[in-house]
Amino acid sequence: MALEVTGKLIVIQPTQQIKENFSKREFVIEISQQTNTGMTFTNFASFQLVNNACSVIDQFQLGQEVKVSFDIRGNKWERDGQVKYITNLNAWRVEAAMAQPQAGGYQQPQQQYNAPQQPQQNFNAPPQQGTSFEPNVGDDLPF
């Protein structure tokens, strides 16, 4: 399931090397929505980039409007008889958000930066040698 959201880039974290073959990088965007009553609600969404995609966010500056294409990934984690659920917003494309064109004007499309696509993986199967590592698979830690 691919989703998209546009917002202002407010945090870019450094890349974290989690395991030998798995790294992640988190970033946060501010999403403001105005209701039909004129009230504005602001939300903050934290996304992660994994492995080769970690450098995708380097192209952007804090405060810049970006459009993020992402998938929702969820895992079940059990420890000592307690079940926890973890949800990640895995970004796979980040591009500059296009400003609204002036009346009658034409806006040149912005260049987009695509992260390499991660292969779909069965989260119940153990990781295979030589494939990319998905977070929380075969690990008892929630992060």
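This is a walk through the fold, the core and the charged pairs of the structure above.

Keep in mind from the start that the model is predicted. The protein has 0 helices and 7 strands, so there is no helix to look for as DSSP assigns them. Reading along the sequence gives β-β-β-β-β-β-β. Of the 143 residues, 33% are buried. The accessible surface is about 9,500 Å², and carbon and sulfur atoms own 47% of that. As for how the chain meets itself, take the contacts with a separation of 6 or more: 51% of them are between residues 24 or more positions apart.

Let's start with strand pairing, and with β1 as the way in. β1 pairs with β5 in the antiparallel sense, over 6 bridges. It also pairs with β3, again antiparallel, this time over 4 bridges. A handy spot to see both pairings is K8: its bridge partner in β5 is E65, while in β3 it stands opposite E30.

Now for the inside. In soluble globular proteins, nonpolar side chains tend to be buried together. Here, the largest nonpolar core has 18 residues, and the ones touching the most other members are F27, I29, F47 and V68. Several strands feed this core: β1 (3–12), β3 (22–34), β4 (40–50), β5 (65–79) and β6 (82–96) each give two or more residues to it.

Which residues does F47 contact, once its neighbours within four places in sequence are left aside? The answer is V5, R25, E26, F27, I29, V68, F70, L89 and A91. Two of those names, F27 and F70, come back as soon as you look at the rings.

The structure holds 2 aromatic pairs. One is F27 with F47, a stacked pair at 5.5 Å centre to centre with 20° between the planes. F27 sits in strand β3 and F47 in strand β4, so this pair ties together parts that are 20 residues apart in sequence. Both F27 and F47 are buried. The other is F47 with F70, and this one is edge-to-face: 5.0 Å centre to centre, with the planes at 70°. Since F47 lies in strand β4 and F70 in strand β5, the pair ties together parts 23 residues apart in sequence. F70 is buried, as is F47. Put the ring pairs together and you get a cluster of F27, F47 and F70.

On to the charges. The structure holds 6 salt bridges. Among them is K67 with E4, whose closest N and O atoms are 3.8 Å apart. K67 lies in strand β5 and E4 in strand β1, so the salt bridge ties together parts that are 63 residues apart in sequence. That is the strand pair we met above, β1 with β5. K67 counts as partly exposed, because its relative accessibility is 26%, between the 20% and 50% cut-offs.

R25, which we saw among the contacts of F47, forms a salt bridge with D58, with the closest N and O atoms 2.6 Å apart. Here a strand is joined to a loop: R25 is in β3 and D58 is in the loop between β4 and β5, so the pair ties together parts 33 residues apart in sequence. Are these two partners buried or exposed? R25 is buried, with a relative accessible area of 13%, whereas D58 is partly exposed at 45%.

One more salt bridge to find is K76 with E78, the closest N and O atoms being 3.8 Å apart. Both of these residues are exposed. Salt bridges with shared partners also join E4, K67 and E95 into one network.

Finally, have a look at two backbone spots in the loops. N51 has a positive phi of about 50° although it is not a glycine, and it is found in the loop between β4 and β5. D80, also not a glycine, has a positive phi near 55°, and its place is in the loop between β5 and β6. Their surroundings go opposite ways: N51 is buried, at 17% relative accessible area, while D80 counts as exposed at 75%.

Key: Residues are numbered from 1 along each chain as its sequence is written. This is a predicted model: local features need pLDDT of at least 70, side-chain atom pairs count only at pLDDT 80 or more; totals for chains, interfaces and linings use all residues. Side-chain values use heavy atoms; hydrogens and water are left out. Buried means under 20% relative accessible area, exposed over 50%, partly exposed in between (1.4 Å probe, protein chains only). Contact means heavy atoms within 4.5 Å. Accessible areas come from the Shrake-Rupley method with a 1.4 Å probe; for residues, only the protein chains shown count as cover. A nonpolar core is a set of buried Ala, Val, Leu, Ile, Met, Phe, Trp, Tyr and Cys residues joined through side-chain atoms within 4.5 Å. Two strands pair if DSSP finds at least two bridges between them. Rings of Phe, Tyr and Trp (its six-membered ring) pair if their centres lie within 6.5 Å; planes under 30 degrees apart count as stacked, over 60 as edge-to-face and the rest as tilted. A salt bridge is a side-chain nitrogen of Lys or Arg within 4 Å of a carboxyl oxygen of Asp or Glu.
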